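Welcome to a short guided tour. Please open your viewer, and we will go from one selection to the next.

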Amino acid sequence: MEKLWASLERKIEERFQIADPEWVQVEISKNSKIHVTIVADHRIEKDDVRNPIQKEMKEQREVYTIGFVDIYSLDEAEELAVIRSQNVGKVCTWADGLNVDEQEEPDFPGMNVISFYSYKGGVGRTVALIQTAYNLARAGKRKRRNS
């Protein structure tokens with residue numbers, strides 16, 4: 001039997017006629033959320049992705065909720081460095097990414113530091129941090145161990 005994430009990817013590709021270099025990735029988190037990333041150069045609405053998934057879950061009597069549905073053009077994906085997760089078929093969300101085993105990485109003297117700062121409260125700093133952590137975890141980036 002085809003895995004759920006693979007089945008959903010195939011159905012989305014067929015429905016929206018997505019072909020290389022465009023791509024679709026469906027990931028299912030440990031807390032039963034379905035996250036979808038689509039990189040395509042034609043207009044796709046989030047509801048046009050969510051509704052068929054919800055229908056499929058209802059038909060299969062599966063207990064999942066839809067999490068993130070991220071849709072990018074090829075140019076946006078390149079500019080924002082959106083890439084397919086290396087954990088295809090595994091669980092990987094921003095929350096899961098915080099709990100993965102740390103991997104030793106080589107020392108890079110030019111390593112970037114990301115800072116979230118504002119004098120004022122209530123400006124979305126936490127949301128920005130969570131979204132950044134999510135994108136970094138999806139890109140395979142992990143916290144460095146202190147030597």
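Which elements do the buried residues of α1 pack against? They pack against β1, β2 and α2, where contact means heavy atoms within 4.5 Å. Before you start clicking, note that this is a predicted model, in which local features need pLDDT of at least 70 and side-chain atom pairs count only at pLDDT 80 or more, while totals for chains, interfaces and linings use all residues. Residues are numbered from 1 along each chain as its sequence is written, and side-chain values use heavy atoms, with hydrogens and water left out.

**Stop 1: helix α1**

Select residues 4–16, which make up helix α1. Helices (H or I, at least four residues) and strands (E, at least two) are DSSP runs, numbered from the N terminus. Colour L4, W5, S7, L8, E9, I12 and F16, the buried residues of α1; buried means under 20% relative accessible area, exposed over 50%, and partly exposed in between (1.4 Å probe, protein chains only). If you like a geometry check, the 13 residues of α1 should span 18 Å at 1.5 Å a residue, and the end C-alpha atoms are 18 Å apart, which agrees. That expected span is 1.5 Å times one less than the number of residues. Just after α1, look at Q17, which takes a positive phi of about 50°.

**Stop 2: the hairpin**

Next, select strand β1, residues 23–28, where 6 of the 6 residues are buried. Turn the strand over to see both covered faces: W23, Q25 and E27 are on one side, and V24, V26 and I28 are on the other. Now add β2, residues 33–39, which runs antiparallel to β1 and is joined to it by 6 bridges; two strands pair if DSSP finds at least two bridges between them. To find your place across the pair, pick E27, which stands opposite H35 in β2. The hairpin has 4 residues between its strands, and S32 takes a positive phi near 65° there.

**Stop 3: the nonpolar cores**

Show I12, V36, I38, V49 and I53 as spheres: among the 19 residues of the largest nonpolar core, these touch the most other members. A nonpolar core is a set of buried Ala, Val, Leu, Ile, Met, Phe, Trp, Tyr and Cys residues joined through side-chain atoms within 4.5 Å. At least two residues of this core come from each of α1, β1, β2, α2 and β3 (65–72), and α1 gives the most, with 5 residues. Then move to a second, separate core of 5 residues, including V39, Y72, A77 and V82.

**Stop 4: the salt bridges**

How many salt bridges does a search of the whole structure find? There are 4, each being a side-chain nitrogen of Lys or Arg within 4 Å of a carboxyl oxygen of Asp or Glu. Select E56 and K11, whose closest N and O atoms are 2.7 Å apart. E56 lies in helix α2 (residues 46–60) and K11 in α1, so the pair ties together parts that are 45 residues apart in sequence. E56 counts as buried at 11% relative accessibility, whereas K11 is partly exposed at 32%.

Within α1, R10 bridges to E14 at 3.6 Å, the two being 4 residues apart, about one turn of the helix. E14 is exposed, with a relative accessible area of 52%. Finish in α2, where R50 and D47 are 3 residues apart and meet in a salt bridge at 4.0 Å, N to O.
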